[in-house]
Amino acid sequence: MKRKGLLFVALAMLLCAHSLCFVACNESPHIHDYKMQTSDTMHWLKCDCGDTKENNAHGGGTATCVNKAKCTTCNEEYGELGNHSYGGWKTNSNGTHSKTCIYDNTHVITENCSGGTATYEEKAVCTDCLSAMEKN
C-alpha cells in the first residue's frame, strides 16, 4: 500500500512539474518562440504569449563620428556618436597643413604651418607637417 501511495505522489509531482512549463502561456501545450525586442537602451527576448527573458542593456561595439556603437547581442545602434579619429598632418604646399578623419574624409582640420626657425640658408620647417615654410 505504501508503494502505491509513493508511486501516486511521484506521478502527481511529475504531472505538476510538466504542467508548470505551460502555465505562463495562453496555449497549452506551448513551446516558447522568443523574438528579439529592442529599445534605445535595452534588448530582451519576448514570446507571443507575453513571457520575456534576458533583459539586458546594449553593449559592445565602438561608436565613431559617423555611426553609433552596434550592440554585439542584437546588432542595434545605441548611445551617442563617437569622436573623430584623425590621421597625421599633411602639407597643402601653400603654408597650411590638414588632417582628415579616418571615418569620414569630409571631416578635415586645416591650420597654418608654424614653428621652426629659418636661417639665412634654410627655410623654417613646420613642426606639424614637416614641410619647409617660406622665409619671412
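Where is Ser 131 found? In this predicted model, Ser 131 is found in the segment after β8. Its relative accessible area is 14%. Ser 131 is therefore buried, as that value lies under the 20% cut-off. Beyond residues up to four places away in sequence, Ser 131 touches Thr 91 and Cys 113. Ala 124, Val 125 and Cys 126 complete that set of contacts.

Several of these partners recur in the core. The largest nonpolar core has five residues. Its members are Cys 113, Ala 124, Cys 126, Cys 129 and Met 133. In soluble globular proteins, nonpolar side chains tend to be buried together. Cys 129, one of the core residues, touches Trp 89, Lys 90 and Thr 91. Cys 129 also touches His 97 and Cys 113. Again, residues up to four places away in sequence are not counted. Thr 91 is thus listed with Cys 129 and with Ser 131. Cys 113 likewise touches Cys 129 and Ser 131.

Leu 130 is also found in the segment after β8, a strand that spans 108-112. Leu 130 has a relative accessibility of 63%. Leu 130 counts as exposed because this value is over 50%. By contrast, Ser 131 is buried. The C-alpha atoms of Leu 130 and Ser 114 are separated by 9.6 Å. Along the chain, these two residues are 16 residues apart.

The backbone of Leu 130 also stands out. Most residues other than glycine have a negative phi. Phi of Leu 130, however, is positive, near 65 degrees. Ser 93 is not a glycine either, yet has a positive phi of about 60 degrees. Ser 93 is found in the loop between β6 and β7. These strands cover 90-91 and 96-100, respectively. Ser 93 counts as exposed because its relative accessibility, 67%, is over 50%.

A nonpolar patch was identified on the surface. Val 66, Ile 102 and Tyr 103 make this patch, with an area of about 280 Å². Tyr 103 lies in the loop between β7 and β8. The relative accessibility of Tyr 103 is 40%. Tyr 103 therefore counts as partly exposed, between the cut-offs of 20% and 50%.

Terms used
Residues numbered from 1 in each chain as written. Predicted model: local features only at pLDDT ≥ 70, side-chain atom pairs only at ≥ 80, totals over all residues. Heavy atoms only, no water. Helix = DSSP H or I, 4+ residues; strand = E, 2+ residues; numbered from the N terminus. Buried < 20%, exposed > 50% of the residue type's maximum accessible area, 1.4 Å probe, protein only. Contact = heavy atoms within 4.5 Å. Patch = residues over 30% accessible without salt bridge, like charges linked within 9 Å, V, L, I, M, F, W, Y side chains within 5 Å. Areas by Shrake-Rupley, 256 points an atom, 1.4 Å probe, with all protein chains shown as cover. Salt bridge = Lys/Arg side-chain N within 4 Å of Asp/Glu carboxyl O. Core = buried A, V, L, I, M, F, W, Y, C linked by side-chain atoms within 4.5 Å.
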